[in-house]
Amino acid sequence: MNIAISAYDKRSSGISSYTLELAKLLSKDFKKISLLSFQNMEIPGIEVIPLNLTYYSRPLPIITFMKNREKIREILKNFDLVHETLSPWGSVADNYITTKWGYVSHFKLSLIRLTGLAFPENIGAFPVTFQHYLMDKWSIKRAKFIVDVSKESPNFIPPPVELRPPKSYECSEKLRILFVSRNLNMPRKNLKTLLKALRMVNIPVELHLVGEGKVKNQSSFPIIYHGFLSREEVILLMKEVDVLILPSTYEELGFVGLEAYSVGLPVITSDIPSFRAVFKESPKFPPKDFRSLARLISSLNCESLEKLGKLSREYVAKSNEIVRQKFLSIYKKLLSY
């Protein structure tokens, strides 16, 4: 069975993490898993096929694909099955499955990006999302199977994440809260609601922020800025804090929460479809209801944090096995046609 995963692009944030974790998980069952990558990298047990793009433009993704389509076709033509995680970078193959991201229409997604991304990225909300609509439509039309990762459906398959050594649980004088975002001022990440909630809690807290930018601190609790950190640096920080909070108003996945689960760090999330599907062991609150979030935070103690953390890590182990079995079954069916 000759399988290619297409494609890894570190610029695609959560999708790149998902792609990498999927390749690592499947490599345990197949002698050869190949990963098409837009960046040079080495992964033990996985054949990485580097692709130097002839043309690349973030505002013009469809042109980027068209300029490189024949090159991709030549690479993928010898594979029995292509697992597309980033559309439409597997759609040139005859036998492929694709991954459906998000749970809203592309028009609504354009509005979310317009109001939820920071300037100047939000300028491309409608033109860039329309290109994604065309590419997604093409991939979904030709795919033999469509995997849902952002909402519960008959085709939903939990996203995998590598199980890591667990963190230790120690009480401190302050509840150490972690918030992670590429840009701290990105509206849809909803840091504003978290800040409002923390002004109401009745326990001492310390807020750790990872990402670019600064926020106005009009409260007495301390804020510690870590700036931009690599994925491994964030995971190390997760072992030093008490809880991760994901208050996003919209998120296709929120992979940082899965990484927290993998080390046993408790996670509190907003109550949105993708988080309901993925974060089964997390307390949830309405995205704009800072009072509900404040009550959740105030209710945390050493015992509840340790229990949540252990349940989260156990969930990852069970979830990874479900992912493995489901994809083995899907691959077997597609290759028997």
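Ser13 is partly exposed, at a relative accessible area of 48%. The exercises below concern backbone geometry in this predicted model.

**Exercise 1.** Describe the backbone of Ser13 and place the residue in the fold.

Solution. Start with phi: Ser13 has a positive value of about 45 degrees, although it is not a glycine. Next, locate the residue: Ser13 sits in the loop between β1 and α1 (14-26). Last, classify its accessibility. Partly exposed covers the range between 20% and 50%, so Ser13, at 48%, belongs to that class.

**Exercise 2.** Determine whether Asn190 is buried or exposed, and state where it lies.

Solution. Begin with the backbone: Asn190 is not a glycine, yet its phi is positive, about 65 degrees. The residue belongs to the loop between β7 (175-183) and α5 (191-198). Its relative accessibility is 3%. Buried means under 20%, so Asn190 counts as buried.

**Exercise 3.** Identify the form of the peptide bond from Ser6 to Ala7 and the element that holds Ala7.

Solution. Read omega for the bond from Ser6 to Ala7: the angle is near 5 degrees, and the bond is cis. Then assign the element: Ala7 is part of strand β1, residues 3-8.

**Exercise 4.** Identify the form of the peptide bond between Phe119 and Pro120, and place Pro120 in the fold.

Solution. Omega between Phe119 and Pro120 is about 5 degrees, and the bond is cis. As for position, Pro120 lies in the loop between α3 (106-116) and α4 (125-142).

Key:
Residues are numbered from 1 along each chain as its sequence is written. This is a predicted model: local features need pLDDT of at least 70, side-chain atom pairs count only at pLDDT 80 or more; totals for chains, interfaces and linings use all residues. Side-chain values use heavy atoms; hydrogens and water are left out. Helices (H or I, at least four residues) and strands (E, at least two) are DSSP runs, numbered from the N terminus. Buried means under 20% relative accessible area, exposed over 50%, partly exposed in between (1.4 Å probe, protein chains only).
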